[in-house]
Amino acid sequence: MAPVAPTVELAHGAAMPRLGLGTWPMDDAESERVVAEAVGLGYRLVDTAENYGNERGVGLGLKASGVDREDLFVTTKFNREWHGVDLAAEACQRSLDKLGLDYLDLLLIHWPNPQHGHYVEAFQGLVRLLETGRVKAVGTSNFKPSHLDRIIEATGVIPDVNQIQLSPLTTRLEPRAYHKERGIVTQSWSPIGGEGGSVREDPLVLELAEKYGKTPVQVVLRWHLDLGLAVIPKSSNAERLEQNLDVFDFSLDPDDVMALSALDQGEAAAADSDEFGH
């Protein structure tokens with residue numbers, strides 16, 4: 001099937017689908033099945049990570065899909081043990097080997113781990129990989145503006161993407177404004193809400209689902225898109241995979257976007273990347 005999601009051009013020229021498939025917490029077997037199925041439905045971005053332990057399965061699923069490599073957008077992330085200039089290159093190669101690929105579309109530092117103290121060197125390693133062409137875009141995950149300031153100051157390079165926990169429960173206004181000012185694309189993980197609770201049962205979301213003739217999750221995914229964000233919902237259910245992609249034929253009224261944003265529980269509701277990371 002043809003790709004469904006429109007793309008956004010990243011700072012270094014890659015075109016990234018604005019909606020893709022998240023694969024946490026699938027194992028290899030499940031991710032192989034779901035990735036092949038999702039690509040068949042029209043997904044073109046697949047997001048994985050070293051820490052998910054499913055890169056082999058994701059790679060097998062991509063291969064089984066039969067879609068040409070250049071038509072796919074593959075993102076992965078590495079852990080703090082690879083925070084170093086040469087270590088980042090090693091992490092990249094390990095992921096490529098597991099995925100069965102020659103290059104990555106986007107490679108992210110999964111968490112800054114400031115107590116570990118080497119995320120600047122990790123980003124320097126990413127910049128080097130970008131120059132060699134082994135990755136088409138580079139970025140970060142869970143970085144705060146203060147972390148981003150440091151890597152930009154050290155390298156002069158703006159990350160293409162910062163992937164952060166973001167939903168109507170955690171709207172992340174400050175990082176979003178920072179990203180917008182610098183041309184960094186904000187990509188939302190846990191887009192429906194995480195351990196602190198999902199918004200799919202919220203009375204407002206249910207009311208809007210009825211208003212637009214969509215599912216609650218479709219309404220929330222549309223909220224992300226209407227805010228200009230990219231988003232990576234996870235599902236292993238065929239019907240929901242299809243529904244999650246079926247969000248490009250409507251928009252929310254501006255008042256409804258604002259009403260959903262008012263569900264925000266503040267920055268404290270998001271995982272604190274100064275304290276948590278792997």
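The questions and answers below concern a predicted model and take up strand E5, its neighbours, and two buried residues.

Q: Why is Val219 called buried?
A: Residues under 20% relative accessible area count as buried, and Val219 has a relative accessible area of 0%, so the term applies. Val219 lies in helix H8, which spans residues 216-226.

Q: Which residues does Val219 touch, not counting residues up to four places away in sequence?
A: With contact taken as heavy atoms within 4.5 Å, Val219 touches Leu208, Ala209, Lys214, Phe250, Leu252 and Leu260.

Q: Why does Asn79 count as buried?
A: The cut-off is under 20% relative accessible area, and Asn79, at 8% relative accessibility, therefore counts as buried. Asn79 is placed in the loop between E5 and H3, where, leaving aside residues up to four places away in sequence, Asn79 touches Glu50, Asn51, His110 and His278.

Q: What makes the pair of side chains of Asn79 and Asn51 a polar contact?
A: A polar contact requires a pair of N or O atoms within 3.5 Å, and the contact that joins these two side chains, Asn79 and Asn51, is 2.9 Å.

Q: Why is strand E5 described as largely enclosed by the rest of the structure?
A: Six of the six residues of E5, residues 73-78, are buried, and the strand is therefore largely enclosed. Both faces of E5 are covered, since buried residues are found on one side at Phe73, Thr75 and Lys77 and on the other at Val74, Thr76 and Phe78.

Q: How do you know that E5 pairs with E4 and with E6?
A: Pairing needs at least two bridges between the strands; three bridges join E4 (residues 45-47) to E5 in a parallel arrangement, and four bridges link E5 to E6 (residues 106-109), likewise in the parallel sense. On the E4 side, Leu45 stands opposite Phe73, while on the E6 side Leu106 stands opposite Thr75.

Q: Which elements make up the β-α-β units that involve E5, and what is their handedness?
A: E4, helix H2 (residues 55-65) and E5 form a right-handed β-α-β unit. From E5 the chain crosses through helix H3 (residues 85-99) to E6, and this crossover is right-handed.

Q: Which residues of H2 are buried, and against what do they pack?
A: The buried residues of H2 are Glu55, Gly57, Val58, Gly59, Gly61 and Leu62, and these buried residues pack against helix H1 (28-41), E4, E5 and H3. After H2 comes Gly66, whose phi is positive, near 80°.

Note on methods. Residues numbered from 1 in each chain as written. Predicted model: local features only at pLDDT ≥ 70, side-chain atom pairs only at ≥ 80, totals over all residues. Heavy atoms only, no water. Buried < 20%, exposed > 50% of the residue type's maximum accessible area, 1.4 Å probe, protein only. Helix = DSSP H or I, 4+ residues; strand = E, 2+ residues; numbered from the N terminus. Right-handed = clockwise from strand over helix to strand, strands pointing away. Polar contact = N/O pair within 3.5 Å; in protein donor to acceptor, adjacent residues only side chain to side chain.
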